Amino acid sequence: MDISVIFRLAAIGIIVTVVCQLLKKSDRDDISTVVSIVGLVIALTIAVTMIGDLFDVIRDIFGVT
């Protein structure tokens, strides 16, 4: 696990926030909601992948198959 993952998640959050604010200012609240949900799904996908890797490392450490 790298610190780059944290930066990647932060970048996703910043980009989604800016896009949502721009869409809300232009009265596109429905599209803004979709963008925020897509950003959440992308961030959760990255987090679940990291958690899966963590479980694999723990399984290797304890020798559980």
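Which residues make up the largest nonpolar core? Good morning, colleagues. The structure under discussion is a predicted model, and this core is where I shall begin. Its members are Val 5, Ile 12, Val 16, Cys 20 and Ile 46, 5 residues in all. Helix H1, which covers residues 4–25, gives the most to this core, with 4 residues.

Let me stay for a moment with Cys 20, one of the residues of that core. Apart from its neighbours within four places in sequence, Cys 20 is in contact with Ser 32, Val 35 and Ser 36.

Ser 32 deserves its own remarks. This serine belongs to helix H2. Is Ser 32 buried or exposed? Ser 32 counts as buried because its relative accessibility is 2%, and the cut-off for burial is under 20%. If residues up to four places away in sequence are not counted, Ser 32 touches Cys 20, Leu 23 and Lys 24.

I turn now to helix H2 as a whole. H2 has 34 residues, and 49 Å separate its first C-alpha from its last. That span is close to the 50 Å expected at 1.5 Å a residue. The buried residues of this helix are Ser 32, Gly 39 and Ile 46. What covers them includes H1. Ile 46, moreover, is also a member of the nonpolar core with which I opened.

Next, the loop between the helices. Asp 27 lies in the loop between H1 and H2, the latter running over residues 29–62. The phi of Asp 27 is near 60°, a positive value in a residue other than glycine. As general background, most residues other than glycine have a negative phi. Asp 27 is described as exposed because its relative accessible area is 67%, where the cut-off is over 50%. A positive phi occurs again just after H2, where Gly 63 takes a value of about 70°.

Finally, I should like to consider the surface. Which residues form a nonpolar patch there? They are Ile 51, Leu 54, Phe 55, Val 57, Ile 58, Ile 61, Phe 62 and Val 64, with about 790 Å² of accessible area together. Ile 61 may serve as an example from this patch. Its place is in helix H2, and Ile 61 is classed as exposed because its relative accessible area is 62%.

To close, helix H2 has buried residues, among them Ser 32, and H2 also holds Ile 61, which is exposed. Thank you for your attention.

Definitions and conventions. Residues are numbered from 1 along each chain as its sequence is written. This is a predicted model: local features need pLDDT of at least 70, side-chain atom pairs count only at pLDDT 80 or more; totals for chains, interfaces and linings use all residues. Side-chain values use heavy atoms; hydrogens and water are left out. A nonpolar core is a set of buried Ala, Val, Leu, Ile, Met, Phe, Trp, Tyr and Cys residues joined through side-chain atoms within 4.5 Å. Buried means under 20% relative accessible area, exposed over 50%, partly exposed in between (1.4 Å probe, protein chains only). Helices (H or I, at least four residues) and strands (E, at least two) are DSSP runs, numbered from the N terminus. Contact means heavy atoms within 4.5 Å. Patches are made of residues with over 30% relative accessible area and no salt bridge: like charges are joined within 9 Å, nonpolar side chains (Val, Leu, Ile, Met, Phe, Trp, Tyr) within 5 Å. Accessible areas come from the Shrake-Rupley method with a 1.4 Å probe; for residues, only the protein chains shown count as cover. A salt bridge is a side-chain nitrogen of Lys or Arg within 4 Å of a carboxyl oxygen of Asp or Glu. The expected span of a helix is 1.5 Å times one less than its number of residues.
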